[in-house]
Structures are given as structure tokens and as C-alpha cells.
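Me: I'm new to reading protein models. Could you take a close look at the salt bridges here and walk me through them?

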Amino acid sequence: MKEFLKYFFGKGEEIEFTNFSLAHFLPIILMLAVVFSLKLFQDKIRSCKYEKAFRYILAFGLIISEMSYYWPITVCGWAVVFCSYMIIGKSQTLFDISYFWLLSGTVFALLTPTVISYTGITRFRYYQFWLEHTLGYIASFYMAF
């Protein structure tokens with residue numbers, strides 16, 4: 001078990017992740033499917049009695065995805081933190097900031113995720129990276145719709 005955890009939370013010595021592969025496009029396709037579903041079911045979501053709980057769970061997921069790897073906050077990290085507060089408080093100002101940062105900054109991280117080159121789909125950093133970057137988009141589009 002100790003070896004598995006060391007491997008799962010560790011970083012490889014050779015490149016495991018390649019750009020423009022299935023492991024690259026699958027998280028982006030899933031994010032786009034969730035955003036499309038949010039748009040499609042926006043009226044049902046808005047009138048759902050669990051809408052507030054959904055926003056709190058999304059905000060919790062954003063914070064945990066940011067904090068789970070390490071804590072030096074980058075532009076993407078600030079956008080995720082702002083998105084979590086935006087989704088809880090329904091703040092228009094934080095929406096404007098995070099929407100701009102997500103669409104201008106993290107789109108490059110989605111297209112060329114070089115920080116996860118040594119961590120493939122069998123490593124924790126892969127999932128943390130994609131959750132951190134895609135949940136921000138989901139939160140922003142959730143507030144936009």
C-alpha cells in the first residue's frame with residue numbers, strides 16, 4: 001500500500017502525459033458536456049430545491065482541488081478561489097474577474113498542460129490539475145446561465 005501511495009502521489013521520471021491524446025481531450029470534452037447540460041437544464045436547476053446545496057458542493061470542490069496539491073497560488077489558483085466565493089455569494093464582481101481570468105489565462109493551461117507532463121492518468125496530479133481547471137469553467141458558466 002505504501003508503494004502505491006508513493007507512486008500515485010509522486011511524479012514520474014519520464015514523460016507520461018502527451019498533449020492532444022485521449023487523456024488530454026477527455027477532461028475537456030467532459031467539461032464541455034457539463035457546461036452544455038447546465039445550459040440545457042438551466043430552468044430546472046434554477047427552480048430545484050437543492051440548488052443552494054449544489055452551489056456549496058461546487059465551491060467546496062473548487063477549494064479542495066486548489067488546496068489538495070500544494071498551496072502556491074497562481075493565476076489559475078486565484079481564479080478558482082474567486083470562483084468558489086463567487087458561487088457561494090453570487091457576486092457579480094467576482095464573476096467578472098474570474099470569467100476574464102479563466103477565459104484569458106487558463107485556456108492556455110487546458111490547451112497545453114505542460115505541468116502534468118511527468119504525471120499520467122495513473123497519478124494524483126493529473127486529476128487534481130483537470131479538476132482545478134475545469135471546475136472553474138463549470139462554476140463560471142453556472143453563474144452565467
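Reply: Happy to; here is a walk through the salt bridges, one pair at a time. This is a predicted model, where local features need pLDDT of at least 70 and side-chain atom pairs count only at pLDDT 80 or more, while totals for chains, interfaces and linings use all residues. Residues are numbered from 1 along each chain as its sequence is written, and side-chain values use heavy atoms, leaving out hydrogens and water.

A salt bridge here is a side-chain nitrogen of Lys or Arg within 4 Å of a carboxyl oxygen of Asp or Glu. By this rule the model has three salt bridges.

Let's begin with glutamate 16 and arginine 123, whose closest N and O atoms are 2.7 Å apart. Glutamate 16 sits in the loop between H1 and H2 and arginine 123 in the loop between H6 and H7, so this pair ties together parts that are 107 residues apart in sequence. (Helices are DSSP runs of H or I with at least four residues, numbered from the N terminus.) Arginine 123 is buried at 6% relative accessibility, whereas glutamate 16 is partly exposed at 30%. Buried means under 20% relative accessible area, exposed over 50%, and partly exposed in between, with a 1.4 Å probe and protein chains only.

Next, arginine 46 pairs with aspartate 43 at 3.3 Å between the closest N and O atoms. These two are three residues apart in helix H3 (residues 42-47), about one helical turn. Arginine 46 is exposed at 51%, and aspartate 43 is exposed at 54%.

Finally, arginine 55 bridges to glutamate 51, with closest N and O atoms 3.0 Å apart. Both lie in helix H4 (residues 51-67), four residues apart. Arginine 55 is buried at 5%, and glutamate 51 is buried at 15%.
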